[in-house]
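Got your viewer open? Let's take a walk through this structure, one selection at a time.

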Amino acid sequence: MPRTPAHAKFRGWAIAPLVALPAIALHDLFDCVGISGNDAWLATAASLALLCAIVQLAGSALENRPDHADERTFEFQLADLCRRDGLLAVQVDPDADVKAYLPNGSLVLIRCGPTDHEAHPRDLHDFIGAAHHDHRADIPVFVTPHGFTTEARRFAEYHGIVLLDRPRLWQWQQGYGLTTLVGTTH
C-alpha cells in the first residue's frame, strides 16, 4: 500500500508516546545524578536529539542498501513510478515484473534484475524472450541496483533493451520521467 500524507501524519503522532516515555525516564535519571530543573530538561532534550539523529542515520543507511526492499515491494515501487510518470494500465506482471503503456500506446515491460551482483547477459536472456516474443514489448527495460557487465551492456544494445542501473534508478526516483531516461540510455 503506497504511503500517503495521512500515513506520515499518523506515524508522527504514533511516535509521540515512544518519545515521551524515554524523555521522562532520562529526566528522572539526570535528576538522580544531581542534574535538576531546567538543566535536566536541557540534558534530556540533547540526549533525545542525539538518539533521534542516530536512529535517522541508521534508518537511511538501511534504506540505501541495495536489498532494502524485497523483490515484490521493489516491483510495486517501480509500478508507482510508472503511474507517477503518466503511464497507463500499469500492472505488476509475474512474467515481466511491471507492464505499462505510454500514452502513445507503446508497451513498456520492466524486469527487476539481480539484487546481489552485476547483471550478466544470461540475466537478460530470458527477459528478452518474454519481452519481444511473449509480450511484443516496444520498450523492454531491465533494472538492477548493481550495474551491468560490459557483455550485458553489449547484449542489451544489440537486443534493444534499456538498462537502468543505480544512478539511473535514482534519477527516476528524483523525478526524471521514464521516457527521458529511456531516451538517454541508448
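## First stop: threonine 149

Select threonine 149 and show what surrounds it: setting aside neighbours within four places in sequence, threonine 149 is in contact with Glu118, Ala119, His120 and Pro121. Keep in mind as you look around that this is a predicted model.

Now colour by secondary structure. Threonine 149 sits in the loop between β4 (139-143) and α5 (150-159). Is threonine 149 buried or exposed? The relative accessible area of threonine 149 is 8%, and the cut-off for buried is under 20%, so this residue counts as buried. Next, add alanine 152 to your selection: the side chain of threonine 149 reaches the backbone nitrogen of alanine 152 at 3.1 Å.

## Zoom out: the whole chain

Go back to the full view and follow the ribbon. There are seven helices and five strands in the protein chain. Starting at the N terminus, you'll pass the elements in the order α-α-α-β-β-β-α-β-α-β-α-α. Of the chain's 186 residues, 35% count as buried. If you take contacts between residues at least 6 apart in sequence, 46% of them join residues at least 24 apart.

## Into the core

Which residues touch the most other members of the largest nonpolar core? Select Leu78, Ile110, Val141, Trp172 and Leu178: they are the ones, out of 24 residues in that core. Several elements each supply at least two residues of this core, including β1 (88-93), β2 (97-101), β3 (107-112) and α7 (178-184). The largest share, five residues, comes from α3.

Stay with leucine 78 for a moment. Not counting residues up to four places away in sequence, leucine 78 touches Val98, Ile110, Cys112, Val143, Leu169 and Trp172. There is also another core, apart from the largest one, with 15 residues; Leu107, Leu124, Ile128 and Leu163 are among them.

## Last stop: two helices crossing

Finally, show just α3 (71-84) and α6 (166-173). Their axes come within 10 Å and cross at roughly 50°, so α3 and α6 are oblique to each other. To see where they meet, select Phe74, Leu78, Leu81, Cys82 and Arg84 on the α3 side, then Leu169, Trp172 and Gln173 on the α6 side. Try colouring this contact by residue type: the residues divide into six nonpolar, one polar and one charged.

Methods: Residues are numbered from 1 along each chain as its sequence is written. This is a predicted model: local features need pLDDT of at least 70, side-chain atom pairs count only at pLDDT 80 or more; totals for chains, interfaces and linings use all residues. Side-chain values use heavy atoms; hydrogens and water are left out. Helices (H or I, at least four residues) and strands (E, at least two) are DSSP runs, numbered from the N terminus. Buried means under 20% relative accessible area, exposed over 50%, partly exposed in between (1.4 Å probe, protein chains only). A polar contact is a pair of N or O atoms within 3.5 Å; within protein, one must be able to donate a hydrogen and the other to accept it, and residues adjacent in sequence count only if both atoms are side-chain atoms. Contact means heavy atoms within 4.5 Å. A nonpolar core is a set of buried Ala, Val, Leu, Ile, Met, Phe, Trp, Tyr and Cys residues joined through side-chain atoms within 4.5 Å. Axes are lines fitted to C-alpha atoms, for helices over the stretch in contact, and angles run from 0 to 180 degrees between N-to-C directions. Angles under 35 degrees count as roughly parallel, over 145 as roughly antiparallel, 65 to 115 as roughly perpendicular and the rest as oblique. Ala, Val, Leu, Ile, Met, Phe, Trp, Tyr, Cys and Pro count as nonpolar, Asp, Glu, Lys and Arg as charged, and the others, Gly among them, as polar.
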